Amino acid sequence: MKPYIRYILPTLCTSIALLSSCSTSETEPEPATVDPRPIELMANPPDGCGAEVHTRGSGAGPIETWRNTPICLVYGASTQAYTKSWDATVTIFGNVDIQTTPSYPADNAPIHIAGYYPVAGSLEAGKAVTLNNNNTLIYTGLDGSDDLMISNEVTASSQNPFSGENRLTFTHLLTQLAFAVVSPEADMFPNAIAITGITVTSVDDNHPFSTTATIDITKTPAEAITMNGEAAGSLSAFSGTYTATKDNTVIGAVLLPPCLTEEDGYSVDATVTLSDSTEIPLDRIKAPFRQNTAYTVTLTFMGATIVPTVPMVVPWVPGTGLTLAQYDVFE
């Protein structure tokens, strides 16, 4: 064999082997693609009382449960720096149904989420909410019937997803003043005069109710809300027709600015209007008016003329009734 052939043959063999190896790798199956992990999130009701929480809703009276409540979620890649938002609904048992069915970031990066309520779609005509830079809310047209809430921030990733312990918990930013009526002698006066209206006519000058509220979602509830628009006139707690019975019944409520500093709270004035156009003033209703807390003034009507007794305020916890310690509402 000629010398140069000795060198060609090994080279050809090596080349053939390499070609054979590449051909084999191309026919092998590709690695399986990992499907994105969908985000499954839960939300606690604002009062921490499970799915059957009772809370004042936007212009529509009480929300009987926390189910089917529309909320908005803001989210981002960094804590308290939200860049986008999702529309969502709190469904049965606090599950959050996000309309777009999003997934966790594929690179296992964390996602930070917070929520707020009410959303634009649940506000009455003449009211609006604007989300600026996904961090600041501006509500306009407020009239004391809107339950403004924000949640804490929760964080998770595809390898450390949200769980039952890592969930949104909503907090009322305002305080609630409800009015209950009762007539122990209702059976004796079947033609008793009915209540046609309960109105909060003035609020303490240091805690004016404004028709505009600015909310910074990145802050704690105590720091988040500022009521900084035109002062509202009167606030309607009840409008309709109701005749007091022996049952102590809450018939209306308003949501007021919370007292965040003064230990003694503040006072408001109200008026009860009867079906014969009589107006009964309730001056200087005083309570602590703490944020995320509700209070109830109980009006006890006696006799055919329906003269209320001195109203008392009790903190209200959903589902427990009016049974907690009472506060004298007059200074």
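Buried means under 20% relative accessible area, exposed over 50%, and partly exposed in between, with a 1.4 Å probe and protein chains only. The model is predicted: local features need pLDDT of at least 70, side-chain atom pairs count only at pLDDT 80 or more, and totals for chains, interfaces and linings use all residues. Residues are numbered from 1 along each chain as its sequence is written, and side-chain values use heavy atoms, with hydrogens and water left out.

**Exercise 1. Judge the confidence of the model.**

Step 1. Start with pLDDT, the predictor's confidence in each residue, from 0 to 100. The protein chain averages 77. A score of at least 70 is reached by 74% of the residues.

Step 2. Find weak stretches. Residues 4-33 have a pLDDT below 50. Beyond near neighbours in sequence, residues 4-33 have three contacts in the model; contact means heavy atoms within 4.5 Å.

Step 3. Take residues 48-64. Their pLDDT also stays under 50. Here the model has 49 contacts beyond four places in sequence.

**Exercise 2. Describe the chain as a whole.**

Step 1. Count the elements. The protein chain has two helices and 24 strands. These are DSSP runs numbered from the N terminus: helices are H or I, at least four residues, and strands are E, at least two.

Step 2. Check burial. Of the 331 residues in the protein chain, 43% are buried.

Step 3. Check contact range. Among contacts between residues at least 6 apart in sequence, 64% join residues at least 24 apart.

**Exercise 3. Trace the four-stranded sheet and explain its edges.**

Step 1. Recall the general rule. Strands of a sheet pair through backbone hydrogen bonds, either parallel or antiparallel. Two strands count as paired if DSSP finds at least two bridges between them.

Step 2. Write the order. The open sheet runs β8-β9-β15-β16, with antiparallel pairing.

Step 3. Locate the edges. β8 (128-132) and β16 (225-227) each have a single partner strand, so one side of each lacks a neighbour in the sheet. From one strand to the next, the twist averages 15°.

Step 4. Zoom in on β8 and β9. Five bridges join β8 to β9 (residues 136-140). V129 has Y139 in β9 as its bridge partner. Three residues lie between the strands of this hairpin, where N133 takes a positive phi near 55°.

**Exercise 4. Examine strand β18 and its pairing with β13.**

Step 1. Assess cover. β18 (residues 249-256) is mostly covered, with six of its eight residues buried.

Step 2. Count bridges. β13 (residues 175-182) pairs with β18 in the antiparallel sense over seven bridges. V181 stands opposite T249 in β18.

**Exercise 5. Place T271 in its surroundings.**

Step 1. T271 lies in strand β19 (residues 266-274).

Step 2. T271 is buried, because its relative accessible area is 14%.

Step 3. Leave aside neighbours within four places in sequence. T271 then contacts G197, I198, T199, T201, E279, I280 and P281.

**Exercise 6. Classify the pair F289 and Y295.**

Step 1. Apply the rule. Rings of Phe, Tyr and Trp (its six-membered ring) pair if their centres lie within 6.5 Å; planes under 30 degrees apart are stacked, over 60 edge-to-face, and the rest tilted. The count is four aromatic pairs.

Step 2. Read the geometry. F289 and Y295 lie 5.6 Å centre to centre, with 80° between the planes, making the pair edge-to-face.

Step 3. Add context. F289 and Y295 are both buried. Together with Y266 they form one aromatic cluster.

Conventions: Axes are lines fitted to C-alpha atoms, for helices over the stretch in contact, and angles run from 0 to 180 degrees between N-to-C directions.
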